[in-house]
Amino acid sequence: MEELLMLHHPIKAYRWATMLGLGLMTATLSTIATAGCNYTVTNSWGSGFTATIRVTNDSNATINGWQVNWTYSKNTVSNVWNAQLSGNYTATNVSWNGSLRPGQSAEFGIQGVTNGGAIETPRVTGTACDATSPISSSIASSSAASVVSSSVAAVTNSVNIAGLATATTSYVSPWETLRAVNDNSNPANSNDKSAGAYGNWNTPNSIQWVQYDWPQDYTLSSTQIYWFDDNGGVLTPTRAYLEYWNGNAWVNAGNLPLTKNAFNTLALNNLVTNRVRVSMLNTTQSTGILEWRVLGSPAGAIASSTSSATYSASSLAASSIPRSSSSTVRSSSLASSSIGSSVPAVSSSSSSSTPSVAQCSAYEWPKYEPDLNYDFRTDFGQVDTSKFRVYNGCPANTIAGVKTKGRFAFIWGHNRNPAITDADIDRVLTNLNEDADYIHNVMGWPVDKLQAEGYFSNIYLYGSGLCTDNAANTERGGWQSGINGYPMVLLSYYPVITPSERGGITHEFIHTIMATRGNKAAWFNEGGNTWLQMNLEASRTGNYGVGFLDATSFLAPHMPIENYSGWLQDGSFGGPNAEGVDRRVNGQQISTWREYLGGNQYNAAFPHFLGVHVSKGANAWIWAKGPHNHILRSLSAGVGEEQVQRMIMEFRARQAMVDFGPWSNAFKVPINNNWGRTINAERIAGGILQDPGAHRLTFYSATTQEGTTLIPSTTTLPGWSGANQIPLKVTGNKVRVNFQPIGQNMRVQLAYRAADGTAVYSKPVTNGEACLDLTKAPKNGVVVAVVSNVDHLYNGEETRTRKHDYRLQLLEGVTGTAPLYDKHYQ
């Protein structure tokens with residue numbers, strides 16, 4: 001299973017060319033943007049491409065239904081997903097993505113063919129595309145003391161409560177200070193740094209955020225923000241908006257004015273919350289803030305002593321929690337009790353009320369309802385291969401030969417590489433039929449689009465002079481591609497003449513099955529593919545083997561589940577469809593990924609978790625019934641938000657123990673082979689975007705201890721749906737810790753391998769105390785605290801780049817942390 005050499009997306013091709021020795025094509029990715037619409041080419045190969053169009057509501061009102069238009073000179077669309085297509089070309093929303101609140105986006109995908117032309121990046125038009133953020137006519141000149149939107153409603157008893165808030169941020173430059181945002185200064189102009197400044201240089205064209213958290217709810221009347229602009233690398237945003245936390249999710253409260261040298265005011269109309277966040281983006285440079293005021297008063301009953309108080313950070317106790325140096329950065333001006341809006345500060349002396357026995361007992365994960373156990377055979381029967389016809393796809397004069405067998409047709413042109421013998425073609429067809437028959441007849445997965453319509457599945461010989469490409473017959477590699485809307489396989493001469501490439505060829509054929517089912521996120525196209533192929537081998541041979549890349553998500557668990565290309569060199573993560581991976585300087589592609597982890601999308605850990613711990617048919621359900629491109633979002637549609645968040649926590653806890661049923665020992669092979677391995681930035685021609693230095697692979701996150709509190713390394717803080725594992729040395733018969741989340745949607749769970757080899761888990765908690773009775777002796781005296789972020793919705797750059805901070809206080813039965821490079825899962 002480690003010989004999956006054939007590549008589906010060119011973005012993989014350039015990554016693996018060095019390792020595999022294959023001369024593979026590279027993608028040309030590009031973007032063209034209008035005010036609210038982005039057209040992005042996500043992948044390309046000789047004759048075709050995929051692209052996405054993102055529609056963003058940049059107005060202050062909700063959009064109910066959208067339509068966009070674009071045209072090509074030569075390119076044509078062969079397939080579309082997440083939208084309805086008509087004409088040449090008009091796309092409209094489908095039922096579930098037509099309503100966009102201010103700041104929200106909808107994205108749909110395109111597969112197209114070049115028709116002999118270059119890959120085009122057309123202008124996208126439509127009512128949503130031309131929207132701009134309205135600025136009220138009441139905005140004062142740039143020299144005014146403040147900028148006021150037309151909807152401001154004055155609340156006479158409101159005061160600036162920013163000084164009471166704990167400030168955090170996605171990133172602050174080391175030479176700037178987050179403290180500046182709520183120090184109650186009054187800047188003279190946007191480049192007045194006399195009282196300090198918050199800035200996030202060098203993060204151009206990315207959404208960065210600053211957040212305020214209060215220890216109680218406040219009624220907010222308005223907010224005022226003074227942008228930092230040094231006329232250089234930090235500029236006033238081109239887009240900025242404010243969100244508030246409603247107890248379950250972030251809600252857009254409106255777009256912020258973007259005037260330089262002035263306070264910009266947005267009315268908040270007495271909304272009640274304990275968290276607000278400013279998100280900002282400049283399309284060419286970085287962004288910053290000199291001062292951010294929030295006017296409000298305590299919600300509910302207001303004590304006379306607070307209604308007219310002048311709030312300042314200096315009136316509060318100094319924080320006992322150190323300030324983070326990067327990633328999510330905290331202002332240190334407030335007491336530790338202000339860490340999270342829903343998290344009470346708990347010291348060891350304040351936790352005398354020990355949780356009940358039931359709370360500390362070993363936890364059994366409940367079943368998921370519904371269990372999503374889908375069987376494709378309920379929808380699809382067998383096909384009659386004796387009646388299959390040949391679908392040439394290419395003009396007859398370009399085809400030199402066709403050989404058919406069983407389910408497949410092998411088609412070549414007049415420039416066939418002479419190294420290919422008829423016996424080679426026979427072997428490829430025989431092997432493919434054996435694997436496909438098992439997949440369809442025994443495992444019950446459906447056929448691809450060609451077979452479904454009564455044709456042989458096509459294998460085209462790349463570089464042989466067919467209409468599929470213009471390559472030389474000495475090119476190497478292989479892909480799943482498409483022709484006239486039909487998924488197919490493109491193979492160069494090399495895999496055809498190389499018997500060991502059987503697994504790779506089958507891998508590409510599996511892609512045609514999945515492509516027929518519609519578009520899913522690129523990482524799942526790979527991880528889900530390898531999962532199916534591993535189950536193919538396990539089912540017919542009894543050999544539960546996994547690939548060498550299946551250890552990546554175990555050895556870097558802070559990476560998200562829906563993640564293409566792993567942990568990038570700038571500290572962020574590749575998005576579900578490789579967002580953030582392709583970057584260029586002066587038109588030349590540069591490297592973004594790290595050694596080994598750059599192949600994370602090929603790991604099948606999460607699909608195996610679904611198949612073992614959710615239901616045998618859960619992966620089939622995603623392809624058959626999942627309504628979204630993003631897998632966790634689809635699962636939420638099937639089982640609900642709460643169960644998906646539980647699913648993420650369970651996956652991370654079972655990863656900590658390598659608890660994957662019959663696949664557990666198989667996963668330990670690549671884990672042990674790469675344990676303690678030192679990785680660096682992976683170099684390719686064109687240079688390195690940012691060399692983060694060496695990193696040594698382990699399950700476990702480094703921490704520092706201050707008193708009884710563990711502070712995680714900011715380097716490996718979890719991304720969305722990511723996790724940290726902290727090994728704890730334990731004594732006695734009970735372990736108790738106090739969990740203090742700083743990032744949103746966090747969970748903690750205790751887990752250990754008992755001396756008898758079983759995995760033991762505690763009840764997961766969102767904050768406060770987690771405890772576990774050590775009824776069975778922990779092996780080597782170690783219990784692991786698994787801290788997970790359970791955000792299941794990917795929402796663009798802010799999600800992709802955000803890290804989630806926390807603190808862990810040791811209450812009972814813990815003497816300190818255990819070594820990071822001992823294998824506590826054994």
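Let's start in the loop that runs between strand E33 (734-741) and strand E34 (746-753), because that is where Asn745 lies. Keep in mind as you look around that this is a predicted model. Asn745 is not a glycine, yet its phi is positive, at about 55°. As for its surroundings, Asn745 has a relative accessible area of 21%, so it counts as partly exposed. The cut-off for buried is under 20%.

From that loop, follow E34 into its sheet. Five strands make up this open sheet, and their order is E35-E34-E37-E32-E39, with antiparallel pairing. Which strands sit at the edges? They are strand E35 (759-761) and strand E39 (814-817), each of which pairs on one side only. If you ignore direction, neighbouring strands in this sheet are turned against each other by 30° on average.

It's worth a look at how E39 is attached. Strand E32, which covers residues 723-730, pairs with E39 in the antiparallel sense, and three bridges connect the two. To find your place along this pairing, pick out Lys729: its bridge partner in E39 is Gly816.

Now jump back along the chain to another strand pair. Strand E13 (residues 166-169) pairs with E15, again in the antiparallel sense, this time over four bridges. Thr166 stands opposite Asp213 of E15. In a regular strand, side chains alternate between the two faces of the sheet. You can see this in E13, where Thr166 and Thr168 point one way while Ala167 and Thr169 point the other way. Which of these four are buried or exposed? All of them are buried.

Stay in this part of the chain for a backbone detail. Trp201 and Asn202 are joined by a cis peptide bond, with omega at about 10°. Asn202 has its place in the loop between strand E14 (198-199) and strand E15 (208-227).

Further along there is another cis peptide bond, between Glu369 and Pro370, and here omega is about -5°. Pro370 is found in the loop between helix H3 (357-360) and strand E21 (399-405). Leu372 lies in that loop between H3 and E21 too. Leu372 has a positive phi of about 60°, although it is not a glycine. Is Leu372 buried or exposed? With a relative accessibility of 6%, Leu372 counts as buried, since the limit for that class is under 20%.

Finally, turn to empty space. Rolling a probe the size of a water molecule over the atoms shows where such space is left. The second largest pocket has a volume of about 500 Å³. Its lining has 22 residues, and those closest to its centre are Met443, Trp445, Trp531, Asn535 and Lys616. Two elements give two or more residues to this lining, namely helix H8 (522-541) and helix H10 (605-614). Of these, H8 provides the largest share of the lining, with four residues.

What kind of residues line the second largest pocket? They divide into 12 nonpolar, seven polar and three charged. At the level of domains, the lining of the second largest pocket draws at least three residues from domain 3 (382-517) and at least three from domain 4 (535-679).

Methods. Residues numbered from 1 in each chain as written. Predicted model: local features only at pLDDT ≥ 70, side-chain atom pairs only at ≥ 80, totals over all residues. Heavy atoms only, no water. 1 Å grid on protein atoms, 1.4 Å probe; cavity = no way out; pocket = protein on both sides within 12 Å on 5 of 7 lines; lining within 4 Å. Points joined across faces, edges and corners; volume = space filled by probe spheres on them. Nonpolar A, V, L, I, M, F, W, Y, C, P; charged D, E, K, R; others polar. Domains from an automatic or database assignment. Pairing = 2+ DSSP bridges. Axes fitted to C-alpha atoms, helices over the stretch in contact; angles between N-to-C directions. Buried < 20%, exposed > 50% of the residue type's maximum accessible area, 1.4 Å probe, protein only.
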